Amino acid sequence: MKLSEIKNHLSTLKKIAFKLPNGALVQPHFHVTEVGRITKDFIDCGGKVRSERVVNFQLWEEKDYDHRLHPEKLLSIIELSEKMFKFEDLEIEVEYQGKETIGKYDLDFDGTYFLLTSKLTACLAEDACGISPEKPKVTINEVNKANSCSPDSGCC
């Protein structure tokens, strides 16, 4: 989800809720403790120089049960961040503290909940690494059926 999309969604909501990939909800007393821009400059395994930029939200929940972040408050934090840092309309990445480590998630919206969706790693230079596309798996029976003809089919 891009920054402009979350702003549009927030302007129509009465409350904010985030759902984890396992279906559990982030506790309602969460805070967005950071809104920032992250730039990652790197070289992939094929030697190509790359750069990625995202807007980063950090979700935090602790024992502050008396406060709830409302849509208009998060929208004002985003707008202040845009003004201060001159954000482009970038994709949003969300950091959230799991049981053992901080997870990074992409963000989506289902009409009710903001969905923290799993991020996946990938080789960005498959051609340079010699990784060939996965070939479809077929059974011998499928090959035999495709390459055979019956005596009365006229193919022999």
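Lys and Arg count as positive and Asp and Glu as negative, while His and the chain ends are not counted. The legends below describe a predicted model.

**View 1. The negative surface patch.** Five residues, E5, D89, E91, D108 and D110, form a negative patch on the surface. One of them, D108, lies in strand β5, which covers residues 102-109. The relative accessible area of D108 is 41%, so this residue is partly exposed. A residue needs over 30% relative accessible area to belong to a patch.

**View 2. The nonpolar surface patch.** L80, M84 and F85 together make a nonpolar patch of about 330 Å² on the surface. Of these residues, F85 belongs to helix α2, which spans residues 71-85. F85 counts as partly exposed because its relative accessibility is 44%, and partly exposed refers to values between the limits for buried, under 20%, and exposed, over 50%.

**View 3. The order of helices and strands.** The protein contains four helices and six strands. Read from the N terminus, its elements follow the order α-β-β-β-α-β-β-β-α-α.

**View 4. Surface, burial and contacts.** The protein has 156 residues, and 28% of them count as buried. Its accessible surface amounts to about 11100 Å², with 52% belonging to carbon and sulfur atoms. Where contacts join residues at least 6 apart in sequence, 63% of these contacts link residues at least 24 apart.

Key
Residues are numbered from 1 along each chain as its sequence is written. This is a predicted model: local features need pLDDT of at least 70, side-chain atom pairs count only at pLDDT 80 or more; totals for chains, interfaces and linings use all residues. Side-chain values use heavy atoms; hydrogens and water are left out. Patches are made of residues with over 30% relative accessible area and no salt bridge: like charges are joined within 9 Å, nonpolar side chains (Val, Leu, Ile, Met, Phe, Trp, Tyr) within 5 Å. Accessible areas come from the Shrake-Rupley method with a 1.4 Å probe; for residues, only the protein chains shown count as cover. A salt bridge is a side-chain nitrogen of Lys or Arg within 4 Å of a carboxyl oxygen of Asp or Glu. Helices (H or I, at least four residues) and strands (E, at least two) are DSSP runs, numbered from the N terminus. Buried means under 20% relative accessible area, exposed over 50%, partly exposed in between (1.4 Å probe, protein chains only). Contact means heavy atoms within 4.5 Å. The place of a charge is taken as NZ of Lys, CZ of Arg, CG of Asp or CD of Glu.
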